[in-house]
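Biologist: I would like to read the sheets and a pocket in this model. Where do we start?

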Amino acid sequence: MAAAAADVLLPSKRQKNNPSCLGTLPVLPATATADWSSLQPDIVRHIANSFLTTDDVDCYMDLRAVCHNWRCATDDPKDDTSDPRFLPYRWIILNDAFQSGTRLLLVNTSTGRFLHRELPLLRDYYVITTTLTGFFILADRSPPHAARVFNPLTGGTIPFTVPVPPEVNVAGSICFDFTLPLLTLLCDSSHKLYMARPDQFEVEDHKFPVYSFIRRAVVGGLIGRWWGSAGMADVIGKILGVAESLRAHPLKFFSTDPPELGSADNARCFLMDFGGHLLAIIKGQGLIQVFKCDDENGTLSHVKSIIKHAIFIGHHRCLAVNTDMFPSIEANCIYYTEHLGSSARIWKFNIEDRKVETVSEAVDFAKKDKQFVLVADRPFTIIQLLSSYSINIQDSELALQQIT
């Protein structure tokens with residue numbers, strides 16, 4: 001048992017026969033340790049809640065792991081997997097489980113935190129894809145391969161009855177804005193859209209331009225309230241009007257395929273949620289324009305500054321980062337990749353002075369199979385890692401297994 005405070009020994013006396021000898025510090029017996037497990041529950045909850053306010057859910061879980069009393073004083077995230085306090089926000093998985101086993105690297109694009117996580121649960125499922133907020137979308141290993149959403153910070157899972165389609169390239173998102181979680185899966189080869197609640201789902205077939213627009217919106221975080229926006233149709237029309245003014249082919253404007261070298265039709269559009277606003281980032285030949293879309297009346301207005309943020313755009317994903325937390329990333333800039341056949345380079349566009357420049361002298365990526373692999377010397381910079389995240393999407397393990 002831990003010793004009481006009164007059991008601490010008094011300081012030893014000075015040796016008066018040797019004036020040069022210093023007094024000694026208090027000597028604690030081996031059993032005199034702080035009894036942290038008896039900390040008042042309200043204090044434990046206050047400390048735990050401070051982690052949740054900064055999106056450090058992993059620190060909250062570490063606190064709960066200290067002892068039984070601390071677990072009793074705090075809420076268990078697994079009791080309600082949809083509780084917004086325990087959902088990951090702005091966490092992305094830089095090296096996906098497809099290539100790195102069960103030890104992964106996560107980064108928070110808002111706080112700048114890097115986090116290594118060992119996730120042995122991934123061995124029990126097929127990894128389909130990851131979302132912009134940091135969730136894993138998994139599939140059961142046994143038929144019918146039902147979907148399951150996994151929170152890597154809490155270990156909680158949400159089961160769905162929807163069978164995951166055995167397609168190679170699948171993008172997905174999970175939304176908690178409604179009564180029940182809404183899982184969205186987009187299949188690039190079939191242009192099918194799966195929208196599922198835990199116990200029901202529906203499948204929609206879309207023509208290529210519509211599917212591609214929806215895919216851009218989903219991977220850019222435009223889910224939830226945006227689905228029911230009355231002005232969304234007008235927004236689509238205005239954006240396609242810009243595409244027409246750039247002489248861009250509508251079928252390629254939202255395409256996820258990199259343009260061929262020397263192609264004049266190189267205009268692309270990227271959609272994203274930026275602090276509750278819908279942004280349309282349109283890249284043309286040597287030109288980038290950023291528009292803010294009004295979801296009520298469908299009007300577009302030019303954005304002259306994104307202040308302390310930078311945006312990374314790629315053919316598969318787009319994301320914003322807080323440059324205060326990433327000193328090597330320049331604020332108010334758009335980072336993108338320019339494809340040169342079997343290679344690619346990272347470029348930077350400054351929104352204020354409209355200056356365009358390459359980030360590095362040499363080629364940054366070489367194409368290997370369907371992926372663009374970083375060829376720079378390690379350690380990679382955060383700009384290279386985020387650019388790689390935006391232009392690559394890993395194949396579904398379920399599809400690869402069935403192909404094999």
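Modeller: Start with pairing. Two strands pair if DSSP finds at least two bridges between them. Keep in mind that this is a predicted model.

Biologist: What holds paired strands together in general?

Modeller: Strands of a sheet pair through backbone hydrogen bonds, either parallel or antiparallel. Now the case here. β1 pairs with strand β2, residues 103-108, in the antiparallel sense, and 3 bridges join them.

Biologist: Which residue in β2 stands opposite Ile 92?

Modeller: Val 107 does.

Biologist: In what order do the strands of that sheet run?

Modeller: The order is β1-β2-β3 in an open sheet of 3 strands, and the pairing is antiparallel. β1 (91-93) and β3 (114-118) are the edge strands, as each pairs on one side only. From one strand to the next, the twist averages 30°.

Biologist: Take Asn 108. Is Asn 108 buried or exposed?

Modeller: The cut-off for buried is under 20% relative accessible area. Asn 108 has 1% relative accessibility, so Asn 108 counts as buried. This residue is found in strand β2.

Biologist: Which backbone atom lies 3.0 Å from a polar atom of the Asn 108 side chain?

Modeller: The backbone nitrogen of Thr 111. A polar contact needs a pair of N or O atoms within 3.5 Å.

Biologist: Next, the sheet of 4 strands. What is its order?

Modeller: Read it as β8-β9-β10-β11, an open sheet with antiparallel pairing. Its edge strands are β8 and β11 (200-205), and each pairs on one side only. On average, neighbouring strands of this sheet are turned by 15° against each other, direction ignored.

Biologist: How many bridges join β10 to β11?

Modeller: There are 6, between β11 and strand β10, residues 192-197; the two run antiparallel. Ala 196 stands opposite Phe 201 in β11.

Biologist: Now the second largest pocket. How much space lies in it?

Modeller: About 610 Å³. For the walls, look at the lining. The second largest pocket is lined by 33 residues. Nearest its centre lie Tyr 89, Thr 133, Ile 174, Gly 221 and Ile 223.

Biologist: Which elements give two or more residues to the lining of this pocket?

Modeller: β4 (125-130), β8 (170-175) and α5 (208-219). β8 gives the largest share of the lining, 5 residues. So far β8 has come up twice: it is also an edge strand of the β8-β9-β10-β11 sheet.

Biologist: And how do the residues of the lining divide by chemical class?

Modeller: The lining has 16 nonpolar, 11 polar and 6 charged residues.

Technical notes. Residues numbered from 1 in each chain as written. Predicted model: local features only at pLDDT ≥ 70, side-chain atom pairs only at ≥ 80, totals over all residues. Heavy atoms only, no water. 1 Å grid on protein atoms, 1.4 Å probe; cavity = no way out; pocket = protein on both sides within 12 Å on 5 of 7 lines; lining within 4 Å. Points joined across faces, edges and corners; volume = space filled by probe spheres on them. Nonpolar A, V, L, I, M, F, W, Y, C, P; charged D, E, K, R; others polar. Axes fitted to C-alpha atoms, helices over the stretch in contact; angles between N-to-C directions. Buried < 20%, exposed > 50% of the residue type's maximum accessible area, 1.4 Å probe, protein only. Polar contact = N/O pair within 3.5 Å; in protein donor to acceptor, adjacent residues only side chain to side chain.
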